[in-house]
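Subject: Handing over the structure

Hello,

Here is the structure I promised to pass on to you. Please open it beside this email, so that you can look up each place as you read.

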Amino acid sequence: MDKLRELPVVAQDAWLKPNEADLNRRYDRYVSSLEEIQRRCGSLVDYANGYLYFGFQHDVQQRGWWFREWLPGAKDVYLFGDFNDWQRTQYRLRPSPDGVWSIFFPDEEFSERLVHGSKVKMLVHGNNGWLERIPSYIRRVVQDEQTKDFCGQLWAPPEPFDWQGDRFDIAQIGPLYIYECHVGMAQEEPKIGTYTEFTECVLPRIKKNGYNTVQLMAVAEHPYYGSFGYHVSNFFAPSSRFGTPEELKVLIRTAHGMGLAVVMDLVHAHYVKNINEGINELDGTDCLYSPPGEAGDHPYWGSKLFDYGKDQVRHFLLSNIKYWMDEFHFDGFRFDGVTSMIYYHHGYTEFDCREKYFCPDVNEDALCYLTLANRLVHDLHPTAVTIAEDVSGMPGVCVPTEMGGVGFDYRLGMAVPDFWIKLLKEVPDEDWNIWQMWDMMTNRLPYVHTVAYCESHDQALVGDKTLAFRLMDQAMYTDMDRATESIVIDRGMALHKMIRLFTISLAGDAWLNFMGNEFGHPEWIDFPREGNGWSYHHARRQWSLADNGFLRYSFLGAFDRAMLRLMQENRILESGYAYNHLMDETNKTLVFSHGTVVFVFNWHPSHSIPDYEIPVPEPGRYCVLLSTDAKEFGGYGRIDPEVVAFSKTKFDPEGNPRYTICIYNLCRSALVLKKCKED
């Protein structure tokens, strides 16, 4: 390959020129890996068919079930279950030179014994002894309510799921308005919710509220419910605590019928270290899916790391991606823990210079895997969406693979929620620096598509606080009824609306909200655990707070719906960067526009100014589109929505016309205006 070529990723960003050789090396590693895969398998798509080979596969020609498992370090492997009355050493698998163990069960003998729903386990003899294990490619895992023991199930419904008519294409919905969800905690009753309940009760709410994308957390099986789904044990098994795989498919098919995309929160950054449930030491060695020794341990998360440079590991993970897309019709993935994947220090450092992106701390095997993963996703479905959870800002992450990048469509704007929390914790709002606020929202590269958000599930977990809870805290328990007057609630609701509108209108090309945060869901998320008496009280969503007409949560919910409608109708997320018209530090006021839509934010706690003159992009009459102080949003209605502002024309020293209007610049509120239609 020509090492002197200039990759497009470098051509579009001169800042990367000093590290051109590093980027060429990474790209060559990806191309070399892809070419080797194509030589062996024909295509990357065909390579990712592990789920059609390993585990249970019914052979129509030979009339029976094959079972295969990759266990190169094992000495003996047996399959047992309810089909043979749990006799552990009756059916021994045969090894092949490449470490794949297999066994065939002919229908003639097993057609009524090894059937859909049969419970199975492996008995693996390795360096760690004789252990009962769950197959790595198993498609369903269930837990015994009495013993709490997990085991696999042969999952092969007699009739295939009916996907006929599901021709949904995520490209048809435009910019993403993402509703981040957890099926188990999505019901109000203190229990584990189901896929069916989510389909019936939550999907209509998401659609009504104006979101167009559902991001599902905790899909893959995980033994500890409180891990939020991030310590995965069985990568090909949808969590059975929420229902069956078919019920998850109904959820996705129903969402598609409503015009909602469904994105999966994919955890390929690590896996649970449990021996009983997961893939850790599955063949008796500590380096089957992980690097050997301490290098295979995640030092901060108490989990195991993947060895992304090993072919069978990449095969396993890429097959996992294809499985979820082919079998469940997911429209894309939010890749969890990308920062942890691509650095050996897992992101626990400051990214304060360019060289930190191009040093021995970077795991280039992980970067190569992620590039292959993005290529696979878009080979399968060109319009599918991939989102990187990367806080480091690794160059090229959101650049297409053919340009020399990693290939993600979006990255999460993770610095923004951290900024808001830090600001609320450390700085009185009368001292907020509007220049700093503007820079935080707009400091991003134009070709790096960003998912903006001001809080996600991270800020809602026990030990942290949501924006609403941080703003209003204990007053949310006593003063959220409409009759009670409260300065704390008034301030909190005003800032909650402003922060969300400010972030969505400036900070990215897509929007994300964790379920319930749109109406200021109080308290925190705390899953059942020993420390809380195994209570589900905080592992649920109290939708009735927003539905109850006597509480102010409904005001915040109404504002969120109006905010999304404003953004969608005026195509704000498609319009790139805002144009800054005015920064008034004395009055804490910013004015900016997207096209002819003008946003005015007055962050000052007390400075309200009549006849305040602001620049506008065009001459004409300007109407009010949205006021955070409107009564229907819990404000005081001090802005008359019927008032029309007429522009005045001035000329700058060069003789160029400049247009202004006068408004009532209300303190601690935001106002959105637009040139009237008849103009």
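Below is a walk through what was found, one region at a time. One thing to keep in mind is that this is a predicted model.

**A covered strand and its neighbours**

A good place to begin is strand β12, which spans residues 213-217. All 5 of its 5 residues are buried, so β12 is largely enclosed by the rest of the structure. In a regular strand, side chains alternate between the two faces of the sheet. You can follow this along β12: Thr213, Gln215 and Met217 point one way, while Val214 and Leu216 point the other way.

Strand β12 has a parallel partner in β11 (residues 177-182), and 5 bridges join the two. If you want one pair to look at, Gln215 in β12 is the bridge partner of Glu180. To get from β11 to β12, the chain passes through helix α5 (residues 195-209), and this β-α-β crossover is right-handed. Strand β15 (residues 261-266) also runs parallel to β12, joined to it by 4 bridges. Here Leu216 has Met264 in β15 as its bridge partner.

**An open sheet earlier in the chain**

Next comes an open sheet of 4 strands, in the order β1-β2-β6-β5 and with antiparallel pairing. The edges are taken by β1 (55-59) and β5 (94-95), each with a single partner strand, so one side of each is left without a neighbour in the sheet. For β1, 5 bridges lead to β2 (residues 64-70), and the two strands run antiparallel. Within this pair, Gly55 stands opposite Arg68 in β2.

**A buried arginine**

What does the side chain of Arg140 reach, if it has no salt bridge? The residue sits in the loop between β8 (129-133) and β9 (141-143). Arg140 is buried, and the nearest side chain of opposite charge, that of Glu221, is 6.7 Å away. The Arg140 side chain does make a polar contact with the side chain of Gln153, at 2.8 Å. It also reaches the backbone oxygen of Gly243, at 3.2 Å.

**Two helices to compare with the expected span**

Helix α15 covers residues 487-506, which makes 20 residues. From its first C-alpha to its last, α15 reaches 28 Å, close to the 28 Å expected at 1.5 Å a residue. Of its 20 residues, 16 are buried, leaving the helix mostly covered. The N-terminal end of α15 is capped by Ser486, with a side-chain oxygen 3.4 Å from the backbone nitrogen of Val488.

The other helix is α17, whose 17 residues should span 24 Å at 1.5 Å a residue. Its end C-alpha atoms are 25 Å apart, which agrees. Helix α17 is mostly covered too, with 13 of its 17 residues buried. One residue to pick out in α17 (residues 553-569) is Leu564. Leu564 is buried, with a relative accessible area of 0%. Its C-alpha atom is separated by 8.2 Å from that of Asn209, although the two residues are 355 residues apart along the chain. After α17 comes Arg571, with a positive phi near 50°.

**Positive phi values in two loops**

Most residues other than glycine have a negative phi. With that in mind, please look at Lys148, which is not a glycine and yet has a positive phi of about 65°. Lys148 lies in the loop between β9 and β10 (150-153), and with a relative accessible area of 46% it is partly exposed.

His346 also has a positive phi, near 65°. You will find His346 in the loop between α8 (338-342) and α9 (364-380). Is His346 buried or exposed? Its relative accessible area is 9%, under the 20% cut-off, so His346 is buried.

**One last stop**

Finally, Pro657 lies in strand β30, which covers residues 657-665. Pro657 is partly exposed, with a relative accessible area of 33%. Between the C-alpha atoms of Pro657 and Leu376, which are 281 residues apart along the chain, the separation is 52 Å.

I hope this helps you find your way around, and do write back with any questions.

Best wishes

Key
Residues numbered from 1 in each chain as written. Predicted model: local features only at pLDDT ≥ 70, side-chain atom pairs only at ≥ 80, totals over all residues. Heavy atoms only, no water. Expected span 1.5 Å × (residues − 1). Buried < 20%, exposed > 50% of the residue type's maximum accessible area, 1.4 Å probe, protein only. Polar contact = N/O pair within 3.5 Å; in protein donor to acceptor, adjacent residues only side chain to side chain. Pairing = 2+ DSSP bridges. Right-handed = clockwise from strand over helix to strand, strands pointing away. Lys, Arg positive; Asp, Glu negative; His and termini not counted. Salt bridge = Lys/Arg side-chain N within 4 Å of Asp/Glu carboxyl O.
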